[in-house]
Amino acid sequence: MTERQDKGGLERVAVIDFETTGLSPGIGCRATEIAVVLLENGRVAGRFQSLMNAGVRVPPDIERLTGISNAMLKAAPPADAVMREAAEFVGDTPLVAHNAAFDRKFWDYELGQFGRTRRQDFACTLLLARRLLPAAPNHKLGTLTRWAGLPATGQAHRALADAEMAANLMAHLTRVLRVQHGLDRVSHQLLCGLQKVAAKQVPEYLRRVTAV
DNA sequence: TGCCAGGCCCTCTTTAGGGCCTT
């Protein structure tokens, strides 16, 4: 464990969210907006947000979904410049995203456009919520936010609003681990281990962790 | 026109299929 860890809470993490032109860079989709929310001991310690111009057109259905238009991207800074700035903002801070498999693909792809590689793992609030909040009606980010009584953060499907929702959810999941499972510290390493454990094995995993 | 990805996870499973999630 090399990262800072705060007693009684969640160590510093960077919660990220991408808006994109589609579901995968493997089929030509690119990022259009990124937001990063630094969460430290359950509280927001910093924010980064920017549109980015990757030189691709936004399909009409995606423009309707996100509200991000081709005209907005035309005036946005180049994608590589934005990603360099985002990577600098994040540094070595462990990463978190909702459905991290999606954001990890775009993070890796956009960094790869200028020769950089990811240096840290992603924890996934979707996988963690499936294990820790099994009674939720579903595990969409918006549903979990409303179901858990977390604050509204603005327009859904914009990067900063979604990253703040995911950060609030991450803080809520930390509280669940502390209050319901007796953990006094929640590390990113623990979260990454927990999200790989089968749902039925979660109680045993947490008992083993708290016994150490 | 409609679909295009991919990992996770459950079940009527494991030599598979399909829903959930992200944009």
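Is Asn-41 buried, partly exposed or exposed? The points below answer this and go on to other parts of the model, which is a predicted one.

1. **Asn-41 and its loop.** Asn-41 counts as partly exposed, because its relative accessible area is 40%, and a residue is called partly exposed when its value falls between the 20% and 50% limits. Asn-41 sits in the loop that joins strand 2 (31-40) to strand 3 (43-51). Its backbone deserves a look as well, since Asn-41 has a positive phi of about 55 degrees although it is not a glycine.

2. **Asn-99, another residue with a positive phi.** Asn-99 is not a glycine, and yet its phi is positive, at about 60 degrees. Asn-99 is placed in the loop between strand 4 (95-97) and helix 4, and with a relative accessible area of 35% it is partly exposed. When you turn to the DNA, you will meet this residue again, for Asn-99 is listed among the closest residues to DNA strand B.

3. **The surroundings of DNA strand B.** How many residues surround DNA strand B? There are 25 of them, and the closest are Glu-19, Asn-99, Arg-131, His-139 and Leu-141. Of the atoms of DNA strand B that come within 4 Å of the protein, sugar and phosphate account for 65%.

4. **Which elements supply this surface.** Strand 1 (13-20), helix 1 (60-66), helix 4 (100-112) and helix 5 (125-132) each contribute at least two residues to the surface near DNA strand B. Strand 1 provides the largest share, with four residues. Sorted by class, the surface near DNA strand B consists of nine nonpolar, nine polar and seven charged residues.

5. **Individual polar contacts with DNA strand B.** Three atom pairs can be looked up in the structure, and each involves another part of the DNA strand. An N or O atom in the side chain of Glu-19 lies 2.6 Å from a sugar or linking oxygen of DNA strand B. For Leu-141, a backbone N or O atom is 2.7 Å from a phosphate oxygen of DNA strand B. Arg-130 has a side-chain N or O atom placed 3.4 Å from a base oxygen of DNA strand B.

6. **Helix 3 against helix 4.** Two packed helices are described by the angle between their axes and by the distance between those axes. For helix 3 (residues 79-90) and helix 4, the axes come within 9 Å and cross at roughly 115 degrees, and the crossing is left-handed. On the side of helix 3 the contact is made by Ala-79, Met-83, Ala-86, Ala-87 and Val-90, which meet Trp-107, Glu-110 and Leu-111 of helix 4. The residues of this contact divide into seven nonpolar, no polar and one charged.

7. **Helix 5 against helix 7.** The axes of helix 5 and helix 7 are 11 Å apart, and the two helices pack at an angle of about 35 degrees, again with a left-handed crossing. Helix 5 brings Thr-125, Leu-128, Ala-129 and Leu-132 to the contact, where they meet Ala-166, Leu-169, Met-170, Leu-173, Val-176 and Leu-177 in helix 7. By class, this contact has nine nonpolar residues, one polar residue and no charged residues.

8. **Two residues of helix 7.** Is Ala-161 buried or exposed? Ala-161, which lies in helix 7, is buried because its relative accessible area is 7%, and buried means under 20%. Leaving aside its neighbours within four places in sequence, Ala-161 is in contact with Thr-153, Gly-154 and Gln-155. Arg-175 also belongs to helix 7 (residues 159-179), but at 41% relative accessibility it counts as partly exposed. Apart from residues up to four places away in sequence, Arg-175 touches Leu-150 and Gln-180. Arg-175 and Leu-10 are 165 residues apart in sequence, while their C-alpha atoms are 9.1 Å apart in space.

9. **Asn-70 in helix 2.** Asn-70 is found in helix 2 (residues 70-74). Its relative accessibility is 19%, so Asn-70 counts as buried, given that the limit for this word is under 20%. When residues up to four places away in sequence are not counted, Asn-70 touches Val-56, Arg-57, Val-58 and Glu-63.

Definitions and conventions. Residues numbered from 1 in each chain as written. Chains lettered and ligands numbered in written order. Predicted model: local features only at pLDDT ≥ 70, side-chain atom pairs only at ≥ 80, totals over all residues. Heavy atoms only, no water. Near = heavy atom within 4 Å. Polar contact = N/O pair within 3.5 Å; in protein donor to acceptor, adjacent residues only side chain to side chain. Nonpolar A, V, L, I, M, F, W, Y, C, P; charged D, E, K, R; others polar. Axes fitted to C-alpha atoms, helices over the stretch in contact; angles between N-to-C directions. Left-handed = near helix turned anticlockwise from the far one by under 90°. Contact = heavy atoms within 4.5 Å. Buried < 20%, exposed > 50% of the residue type's maximum accessible area, 1.4 Å probe, protein only.
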